[in-house]
Amino acid sequence: MSNGCDAYKILCDSLEERGINLETVKASLREQKIETPSWGYADSGTRFGVFPQPWAAKTLEHKFQDAGTVHKYTGIAPTVAIHIPWDKCDNYQDLKDMAAENGVRIGAVNPNVFQDEQYKLGSICHHDPAVRAAAIERHLECIDIMREVDSTVLSCWYADGTNYPGYGHFRRRKHWMQESLEQIYQALDPHERMLVEYKLFEPGFYHTDLADWGMAYTVCRELGDRAQVLVDLGHHAPGVNIEHIVAFLIDEEKLGGFHFNNRKYADDDLTVGSVNPYEFFLIYNELVDAEQDPAVETDIAYMVDQSHVVKPKIEAMIQTVVMIQEIYARALIVDRETLAEMREAGDIVGAEEVLVQAYRTDVRPLLEVVREEMGVPTSPLEAYRKSGHNEQLAQQRAHIQVSGGLGT
Ligand code: PSV
Ligand code: MN
């Protein structure tokens with residue numbers, strides 16, 4: 001412990017030297033909120049197979065129990081996103097209560113318009129008005145659900161696209177999409193908003209109707225203030241500068257939310273920060289830069305979108321939340337005054353060094369203190385792994401048969 005205290009003291013001194021206010025950093029860390037996805041707790045796989053995990057959630061209640069466990073160990077994951085129909089139920093008051101009983105609340109509601117047979121050729125961009133109407137209806141149902149569970153975020157992603165050239169008329173599909181989204185947007189109350197997520201490809205391997213941030217931005221701008229873009233980190237071509245996109249959207253007041261994960265090849269659902277942590281830091285650096293700029297207003301929903309194929313679900317989610325917290329802490333300690341001076345002086349190396357210095361700082365002693373103050377384990381993942389909870393869950397759940405799909 002004395003080593004930990006020494007490390008904390010050294011870190012505090014170094015932050016003071018850089019003119020960084022420790023109390024402000026700690027307050028920001030206490031305020032941080034990460035939403036986890038209900039579908040991240042159930043078994044999932046790829047089209048090549050699913051390897052069931054004995055401890056995975058088998059019922060709706062299990063999903064909230066597991067999200068509650070992640071929140072209990074981290075203290076910063078108080079909400080859970082739901083996907084309809086994966087989380088469909090008869091009584092949404094009960095669902096809301098179920099979340100509360102497990103110490104969490106329901107966050108974003110995600111309409112799923114990609115699995116039914118009728119959506120084979122699209123949903124809101126489908127050539128048949130009846131299919132578009134069904135897709136719109138699913139959104140309206142989700143808006144009703146939002147009201148029942150006290151959510152204000154409708155999080156929309158569309159699998160709409162084509163697999164071969166010719167059968168989809170790009171411009172017509174674009175118009176159908178805008179008309180459909182307009183009807184959905186009109187159903188929102190002033191305190192509600194919709195997030196529009198883009199994705200480069202998959203399941204459409206030839207074209208996707210909302211393939212990049214520019215397309216999502218364009219449709220949101222047409223819709224109005226309460227439509228904003230959602231950036232899923234796994235939905236870009238290799239090498240794309242995501243931090244630049246983030247800054248651009250913030251400046252346009254159009255960044256509404258994140259789906260955190262990491263990619264190596266495409267939409268791999270790897271643990272955020274596991275492949276390219278420096279890139280993740282640079283993204284967070286833009287978020288903190290905006291957060292600390294009094295001229296900028298943001299309302300960003302920070303959500304995880306990871307369905308782990310082989311990692312144990314709860315461990316993976318705690319590891320993810322802790323990774324996000326660590327990267328946020330490093331972005332919070334960037335010496336922005338010196339960075340501004342370096343930019344002013346055109347000092348290229350100096351400016352980069354300011355970022356690298358923050359990135360290389362071991363913020364774990366600071367996080368341990370913050371967690372202690374918040375009343376959660378100082379090392380959440382270690383504490384969870386030692387708790388034996390996974391094994392208990394395996395005993396309780398392994399024999400339960402799942403009916404219907406609970407996730408991706
Ligand atoms: C699509 O790949 C996506 O990123 C969307 O956010 C969906 O809602 C989610 O994954 C389903 O797992
Ligand atoms: Mn996503």
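Glu202 sits in the loop between S8 and S9, in a model that is predicted. The protein has 15 helices and 12 strands. Its radius of gyration is 22 Å, close to the 22 Å that the globule rule gives for 408 residues, so the protein is as compact as a globular protein of that length. A manganese ion (ligand 2) is held by the protein donors Glu197, Asp232, His259 and Asp305.

**The loop between S8 and S9**

- Phi of Glu202 is positive, near 85°, and Glu202 is a residue other than glycine.
- With a relative accessibility of 29%, Glu202 counts as partly exposed, because that class lies between the 20% limit for buried and the 50% limit for exposed.
- The peptide bond that joins Glu202 and Pro203 is cis, with omega about 10°.
- Pro203 is also placed in the loop between S8 and strand S9, the latter formed by residues 207-208.

**Other backbone features**

- A second cis peptide bond runs from Ile84 to Pro85, and its omega is near 25°.
- Pro85 belongs to the loop between strand S4 (79-84) and helix H4 (92-101).
- Asp269 has a positive phi, near 60°, and is likewise a residue other than glycine.
- The loop that holds Asp269 runs between S11 and H9.
- Asp269 counts as buried, since its relative accessibility is 15% and the limit for buried is 20%.

**The manganese site**

- The donor atoms from the protein are OE of Glu197, OD of Asp232, ND1 of His259 and OD of Asp305, and they lie 2.1 to 2.2 Å from the manganese ion (ligand 2).
- Six donor atoms surround the manganese ion (ligand 2), and the angles they subtend run from 71 to 164°, which makes the arrangement octahedral.
- For comparison, the ideal angles for six octahedral donors are 90 or 180 degrees.
- Along the sequence, the donor residues follow the spacing E-x34-D-x26-H-x45-D.
- Two of these donors link distant parts of the chain: Glu197 is in strand S8 (residues 193-197) and His259 is in strand S11 (residues 255-260), 62 residues apart.
- Glu197 is buried, at a relative accessible area of 4%.
- His259 is buried as well, at 2% relative accessibility.

**Aromatic pairs**

- The protein has 19 aromatic pairs, counting rings whose centres lie within 6.5 Å.
- In one of them, Phe280 and Tyr284, the ring centres are 5.5 Å apart and the planes meet at 80°, so the pair is edge-to-face.
- Phe280 and Tyr284 are four residues apart in helix H9 (residues 277-291), which means that about one helical turn separates them.
- Are Phe280 and Tyr284 buried or exposed? Both are buried.
- Ring pairs also join Phe280 and Tyr284 into a cluster with Phe258, Phe260, Tyr302 and Tyr328.

**Two buried helix residues**

- Arg397 is part of helix H15, which covers residues 389-397.
- The relative accessible area of Arg397 is 1%, so Arg397 is buried.
- Which residues does Arg397 touch, not counting residues up to four places away in sequence? They are Pro54, Trp55, Ala56, Ala57, Lys58, His62, Gln65 and Asp66.
- Ile143 lies in helix H5 (residues 129-149).
- Ile143 is buried, with 1% relative accessible area.
- Leaving aside neighbours within four places in sequence, Ile143 is in contact with Leu154, Ile184, Ala187, Leu188 and Glu192.
- Between Ile143 and Leu188 the separation is 45 residues in sequence and 7.3 Å in space, C-alpha to C-alpha.

**The protein as a whole**

- The C-alpha trace spans about 65 × 55 × 40 Å along its principal axes.
- Of the 408 residues, 53% are buried.
- Among contacts between residues at least 6 apart in sequence, 78% join residues at least 24 apart.
- The protein exposes about 18800 Å², and carbon and sulfur atoms supply 51% of that area.

Key:
Residues numbered from 1 in each chain as written. Chains lettered and ligands numbered in written order. Predicted model: local features only at pLDDT ≥ 70, side-chain atom pairs only at ≥ 80, totals over all residues. Heavy atoms only, no water. Donors = N, O, S within 2.8 Å, 3.2 Å for Na, K, Ca; no water. Tetrahedral: all angles 85-135°; square planar, octahedral: opposite > 155°, others 65-115°. Helix = DSSP H or I, 4+ residues; strand = E, 2+ residues; numbered from the N terminus. Buried < 20%, exposed > 50% of the residue type's maximum accessible area, 1.4 Å probe, protein only. Rg over C-alpha atoms; globule rule 2.2 N^0.38 Å. Contact = heavy atoms within 4.5 Å. Areas by Shrake-Rupley, 256 points an atom, 1.4 Å probe, with all protein chains shown as cover. Phe/Tyr/Trp six-rings, centres within 6.5 Å; stacked < 30°, edge-to-face > 60°.
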